[in-house]
Amino acid sequence: MALKTPPAEVNTDGQPRRVGVEIEFAGLPPRDTAQLVSDVFGGELNVVSPHRLQVNDTRWGNFSIELDTQYAHPDSKILDDSAYLDTEWARQQHQMRVEFHQKTRELIGDMVTGLVPTEIVCPPVPWDALPKLDELFEALREHGAKGTDASLLYGFGLHLNPEAAALDVDYLLSMLRAYVLLAPWLREEINVDITREVLPHANPFPKEYALKILAASYQPDLKTLIDDYLYDNPTRNRELDMLPLFAHCCPDHPHKLLHSKLTKPRPTFHYRLPNAQLSEPNWGAVTEWNRWVSVEELAADSDKLAKRCAAYIRDQNRPFYIRWPEHIRRWWQRRRP
């Protein structure tokens with residue numbers, strides 16, 4: 001599949017934009033996965049703990065591989081608890097506690113391997129290097145990794161973290177508007193797995209928020225844009241999670257969600273919608289990037305974006321009994337052979 005070129009190829013510093021990729025899957029434990037990453041990209045294998053590894057010093061940086069549950073990994077608070085180590089006996093007690101804790105977490109990890117996903121967090125790569133990541137996805141398939149559609153229990157996803165091309169409010173608002181307008185199309189293209197629909201991790205934006213930001217009269221400054229987003233979306237669980245980007249843009253903002261340890265400030269969108277379709281031979285990061293670029297293309301076309309916003313608002317303002325049969329008819333036509 002050919003890689004689509006985004007409207008903006010460079011970031012605010014004039015450097016090629018980068019994209020972070022995260023993928024969840026089953027069928028391959030972290031140690032085997034880390035070895036596979038090393039085989040594909042080189043680098044040095046580093047065992048942080050039995051179920052958390054890194055592949056360091058690849059051409060793009062460090063890959064992180066782990067079981068996606070905190071209970072399979074040692075708690076740093078326990079490992080670093082040295083406030084009362086003022087005697088030899090206290091030090092011995094602490095060491096015994098640490099060893100017991102590490103063994104317990106390792107055992108939990110052994111027990112849940114296969115039930116919780118293995119996750120690879122890739123370092124940011126230049127957008128035009130995404131086809132190289134697909135080589136890793138192909139290797140995962142060949143070694144038995146299983147994606148979202150392998151089981152009803154597998155609510156696995158692929159996350160893209162595309163670097164923002166700019167940080168001004170006009171660009172961010174355009175991107176949000178374009179995403180809200182294209183979200184139904186993206187869901188159909190991706191065919192979001194029923195398990196992931198039920199889970200809260202990639203919920204759609206509320207209609208009230210969509211109507212607010214799509215209105216032509218909505219022209220906020222950056223703080224207002226962030227405040228309004230947080231008011232209508234006080235959660236990380238959105239299909240397009242803006243919290244890391246907003247935390248980067250406004251580090252002094254007082255909202256607690258922007259300072260949560262789970263919110264890592266970075267100049268990227270956090271796009272959480274795609275399934276991990278490892279069973280499809282031609283699926284990979286390029287597939288989902290190309291879909292994402294459709295959002296960027298709409299955001300970059302101000303005239304088309306304005307018309308689409310106005311059409312959405314007109315449609316939503318029509319009576320329910322007129323809109324709903326048309327939506328059902330279009331839905332049925334799209335699914336007929």
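1. The crossing of helices α5 and α11 is left-handed. This note concerns a predicted model, and it opens with that helix pair. The two axes approach within 10 Å of each other and cross at roughly 50 degrees, which makes α5 oblique to α11. On the α5 side, the contact is formed by S174, R177, A178, L181 and L182, and on the α11 side by L305, R308, C309 and Y312. Sorted by class, the residues of this contact are six nonpolar, one polar and two charged.

2. Helix α11, which spans residues 302–317, also packs against helix α7, residues 207–214. Here the angle is about 135 degrees and the axes are 10 Å apart. The two helices are therefore oblique to each other, and their crossing is left-handed. K207, A210, L211 and L214 of α7 meet C309, Y312, I313 and Q316 of α11. The contact of α7 with α11 comprises six nonpolar residues, one polar residue and one charged residue. It may be noted that C309 and Y312 of α11 take part in the contact with α7, and that C309 and Y312 also appear in the contact with α5.

3. For orientation, the chain as a whole may be described next. The chain contains 12 helices and nine strands. Of its 337 residues, 47% are buried. Among contacts with a separation of 6 or more, 73% are between residues 24 or more positions apart.

4. The salt bridges deserve separate treatment. Side chains of opposite charge can pair when their charged atoms come close. How many salt bridges does a search of the whole structure find? The search finds nine, and points 5 to 7 take up the pairs E297 with K4, R52 with E66 and E239 with R187.

5. E297 and K4 form a salt bridge in which the closest N and O atoms are 3.4 Å apart. E297 belongs to helix α10 (residues 285–300) and K4 to the segment before β1 (18–25), so this pair ties together parts that are 293 residues apart in sequence. E297 has 36% relative accessibility and therefore counts as partly exposed. K4 is likewise partly exposed, at 27% relative accessibility.

6. In the salt bridge of R52 with E66, the closest N and O atoms are 2.8 Å apart. R52 is in strand β3 (residues 52–56) and E66 in strand β4 (residues 63–67), so that the pair, 14 residues apart, links distant parts of the chain. Are these two side chains buried or partly exposed? R52 counts as partly exposed at 27% relative accessibility, whereas E66 counts as buried at 19%, because the cut-off for a buried residue is under 20% relative accessible area.

7. E239 forms a salt bridge with R187, with 3.3 Å between the closest N and O atoms. The partners are 52 residues apart: E239 lies in the loop between α8 (222–232) and β8 (240–241), and R187 lies in helix α5 (residues 169–190). With a relative accessibility of 1%, E239 counts as buried. R187 is buried as well, its relative accessible area being 15%. Helix α5, which holds R187, is also the helix that crosses α11 at roughly 50 degrees.

8. R272 merits attention alongside E239. R272 is located in the loop between β9 (270–271) and α10, and at 6% relative accessibility it counts as buried. Although R272 and E239 are 33 residues apart in sequence, their C-alpha atoms are 5.0 Å apart in space. Which residues does R272 contact, leaving aside its neighbours within four places in sequence? They are L158, H159, R196, H201, A202, R236, N237, R238, E239 and D241. E239 thus appears both in this set of contacts and in the salt bridge with R187.

9. A final remark concerns N56, which is placed in strand β3. Its relative accessible area is 15%, and N56 is therefore buried. Not counting residues up to four places away in sequence, N56 touches G43, E44, N46, G61 and N62. Strand β3 also holds R52, the partner of E66 in strand β4.

Notes:
Residues numbered from 1 in each chain as written. Predicted model: local features only at pLDDT ≥ 70, side-chain atom pairs only at ≥ 80, totals over all residues. Heavy atoms only, no water. Axes fitted to C-alpha atoms, helices over the stretch in contact; angles between N-to-C directions. Helix = DSSP H or I, 4+ residues; strand = E, 2+ residues; numbered from the N terminus. Parallel < 35°, antiparallel > 145°, perpendicular 65-115°, else oblique. Left-handed = near helix turned anticlockwise from the far one by under 90°. Contact = heavy atoms within 4.5 Å. Nonpolar A, V, L, I, M, F, W, Y, C, P; charged D, E, K, R; others polar. Salt bridge = Lys/Arg side-chain N within 4 Å of Asp/Glu carboxyl O. Buried < 20%, exposed > 50% of the residue type's maximum accessible area, 1.4 Å probe, protein only.
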